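This is a walk through one protein model, moving from single strands to sheets and then to aromatic rings. Keep the sequence and the structure in view while reading.

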Amino acid sequence: MQHRRILVPLALAGSFGIALAPGFAMASTTSHSAVSPAFGTSTAKSGNLKQFSSPLSKSVFSRHAASADAASKTTSGTTSNPDLAVYIGGGQISTYGVELVAGFVGLDNGSATLTISWGDGTTQTITDVTAQSDGGGVLDYTHTYSALGAYDVTVTLTDAYSDTATNTTVVQTASEYTAFGPFRILDTRAGTGAAKAAIAAHGTLKFKVVGTGGNGVSVPTGATAVVLNVTATQVNASGVLTVYNNEDADGYSIDRPETSNLNFGKGQTVANLVVVPVGADGTVDFYNGSTGTTQVVADVQGYYTAASAATYTPITPTRVLDTRKGTGTGGTIAKIAAGGSVTLTIGGVGSVPSTATAAQLNITAVNGTHSGFITADGGAGASTASSNVNYGPNQAVANSAIVPFGDLSTDSHEITLHNSSTGPVDLVVDVSGYYQAAAVGGSAYIPLYAPERIYDSRVKDNGVYDGPLSAGKTVPFPITNDTLETAFVLNATVTGTTGNGYLELYPYNGGSTALPGTSTLNWVKGQTIPNLAVVSAGTVLDGNFGSYDLGLYVGGTGTAQVVLDAFGFFPSN
């Protein structure tokens with residue numbers, strides 16, 4: 001089995017610097033590689049999957065009081081390696097597997113032994129580390145745990161004089177999902193969860209997400225990631241909203257990523273689903289990347305923990321509701337009335353089994369006559385004040401949602417979609433996967449603590465992926481070159497649109513791949529709009545890049561620039 005090379009060892013000695021988040025008017029033009037550096041097997045370590053670390057500054061030096069050979073000491077009484085220190089870092093490479101890099105400095109005399117205590121009762125000892133390292137004082141090891149959880153890992157470097165340098169870190173396995181809500185936990189307009197004030201231009205709101213929720217259910221301490229539906233509204237200038245964790249699991253600072261979660265124009269109300277890691281402080285940050293103030297609303301839909309809960313299984317995207325065509329309504333063609341709702345049975349239908357407890361959906365509101373919002377309720381006590389899709393008249397607006405089903409004790413696998421508007425609206429719902437109890441099957445989740453821009457059609461990469469993308473054509477994007485991932489969590493953004501259209505992201509298996517007939521996001525001419533997508537790669541190896549590909553299809557008219565930001569993945573093992 002292949003493993004990723006996932007770290008930049010030299011960077012572990014200090015901080016991992018990330019560029020500031022640009023708006024689309026000044027968007028980043030970082031080039032992507034032929035195979036995304038965030039996933040798959042690479043030929044060199046990269047910092048994308050860094051989940052845990054402890055720098056040199058946290059290394060503790062200890063002189064062995066009973067060093068037997070007094071001659072090994074200098075005349076000043078210090079050891080022969082007075083600057084001995086060790087730093088560590090790493091990330092998950094599978095559901096239970098982690099890769100750890102240990103680096104050392106100050107070993108100027110003699111040999112040394114490295115001992116790794118993995119936190120599960122097992123240890124690993126490496127003798128003569130100078131000979132075993134890569135020549136720069138760096139060692140790289142993997143370990144597989146037998147159960148999900150967080151583990152305290154201790155690395156001890158012992159020199160020939162029995163003096164030691166010790167460092168520790170918290171290691172987490174992959175995480176499983178608990179769906180609930182949605183519940184409104186943040187609304188800067190009303191003072192819910194934060195001060196009653198808009199976020200200032202280029203300002204950051206730090207929000208304690210741990211402990212938030214509703215109906216007696218809340219995001220627990222130790223959550224590794226949280227799922228939020230985030231809305232920017234009453235915005236005074238165009239810009240972006242970036243939601244991110246400012247700490248890792250060890251409590252060390254993480255710089256704001258160069259990715260974005262929401263793109264908005266002056267006066268717009270824009271919502272998007274966000275899957276954001278949660279650091280040791282239980283806080284997530286909301287950065288307003290615009291020159292004007294922005295009000296922010298967040299509804300929590302669930303959370304991930306390194307403990308047994310629900311796992312994810314992707315399916316080929318399938319349309320389960322289209323009120324324009326009578327799909328999912330028994331053939332009835334009719335908009336959802338003002339203040340009305342529609343109920344769908346998803347579990348036990350098509351590719352979603354009766355064991356499913358929640359579904360990954362893409363919900364599109366189209367042909368509305370008035371502004372409004374849609375709330376997807378699985379019968380879990382969600383507040384209809386929360387929203388999944390915000391739309392205006394005559395718009396086509398899509399947003400992702402993870403929706404728990406109704407009371408499973410009564411074999412209900414239904415969801416209800418409420419229309420808050422004073423006018424009717426058509427709804428389209430596509431399902432791309434489902435959650436079920438881990439014992440039944442599926443994959444856990446590994447977040448990228450530093451999200452990464454992996455594709456940008458505005459950037460020329462060896463003449464292969466130049467934008468804009470033309471309507472009616474598919475671009476295969478090589479997203480991984482192994483089969484260790486079952487699905488990827490991506491934020492897709494289109495900009496520079498010259499016509500009305502839609503984007504399909506789907507598993508691509510060569511020229512014969514059939515389009516699934518679903519959509520990831522929809523737009524009108526001139527619009528910049530994002531949407532979260534959980535999507536799989538194809539299963540046929542691309543001979544050009546030795547990769548498994550993601551299909552990007554632009555439908556409609558005109559052209560569009562497409563940007564993909566990676567936020568995490570579901571490993572297959």
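Strand β30, residues 474–480, is largely enclosed by the rest of the structure, because five of its seven residues are buried. The model is a predicted one, and buried here means a relative accessible area under 20%. The partner of β30 is strand β35 (residues 548–556); six bridges join the two, in the antiparallel sense. Within this pairing, P476 stands opposite G551 of β35.

Y506 belongs to strand β32, residues 501–508. From Y506 to P476 the C-alpha distance is 9.7 Å, although 30 residues separate them in sequence. The relative accessible area of Y506 is 2%, so this residue counts as buried. Beyond its neighbours within four places in sequence, Y506 is in contact with T474 and with a run of others, including L550, G551, L552 and Y553. Further contacts of Y506 include T513, A514, L515, P516, V535 and S536. With T474 there is also a polar contact between the side chains, at 3.3 Å.

Two open sheets come next. One has five strands in the order β2-β9-β8-β5-β6, with antiparallel pairing. Its edges are β2 (60–62) and β6 (123–126); each has a single partner strand, so one side of each is left without a neighbour in the sheet. On average, and with direction ignored, neighbouring strands of this sheet are turned by 20° against each other. Inside the sheet, β8 (residues 150–159) and β9 (residues 164–172) pair over nine bridges in the antiparallel sense, and Y151 stands opposite V171 in β9. In a regular strand, side chains alternate between the two faces of the sheet.

The other open sheet has four strands, ordered β11-β18-β15-β16, and its pairing is antiparallel. Here the edge strands are β11 and β16 (262–264), each of which pairs on one side only. The average turn between neighbouring strands of this sheet is 15°, direction ignored. Six bridges hold the antiparallel pair of β15 (residues 239–244) and β18 (residues 283–290). In that pair, L241 stands opposite N288 of β18.

T212 lies in the loop that runs between β11 (204–208) and β12 (213–214). Is this loop residue buried or exposed? T212 counts as buried, because its relative accessibility is 13%. Its side chain reaches the backbone oxygen of V209 at 2.6 Å. Residues up to four places away in sequence aside, T212 touches F180, I185, F207, V217, S218 and V219.

The last topic is the aromatic rings. Across the whole structure, a search finds 13 aromatic pairs. One of them is the tilted pair of Y445 and F570, with 5.1 Å from centre to centre and 50° between the planes. This pair links distant parts of the chain: Y445 is in the loop between β27 (426–437) and β28 (446–456), while F570 is in strand β36 (residues 559–571), 125 residues apart. Both Y445 and F570 are buried. Y506 and Y508 form an edge-to-face pair, because their planes are at 65°, with the ring centres 6.5 Å apart. Y508 is buried, as is Y506. Ring pairs also link Y445 and F570 with Y177, Y304, Y312 and Y435 into a cluster. Elsewhere, R256 lies over the face of Y287, at 3.6 Å from the ring centre.

Definitions and conventions
Residues numbered from 1 in each chain as written. Predicted model: local features only at pLDDT ≥ 70, side-chain atom pairs only at ≥ 80, totals over all residues. Heavy atoms only, no water. Buried < 20%, exposed > 50% of the residue type's maximum accessible area, 1.4 Å probe, protein only. Pairing = 2+ DSSP bridges. Polar contact = N/O pair within 3.5 Å; in protein donor to acceptor, adjacent residues only side chain to side chain. Contact = heavy atoms within 4.5 Å. Axes fitted to C-alpha atoms, helices over the stretch in contact; angles between N-to-C directions. Phe/Tyr/Trp six-rings, centres within 6.5 Å; stacked < 30°, edge-to-face > 60°. Lys NZ or Arg CZ within 6 Å of the ring centre and 35° of its normal.
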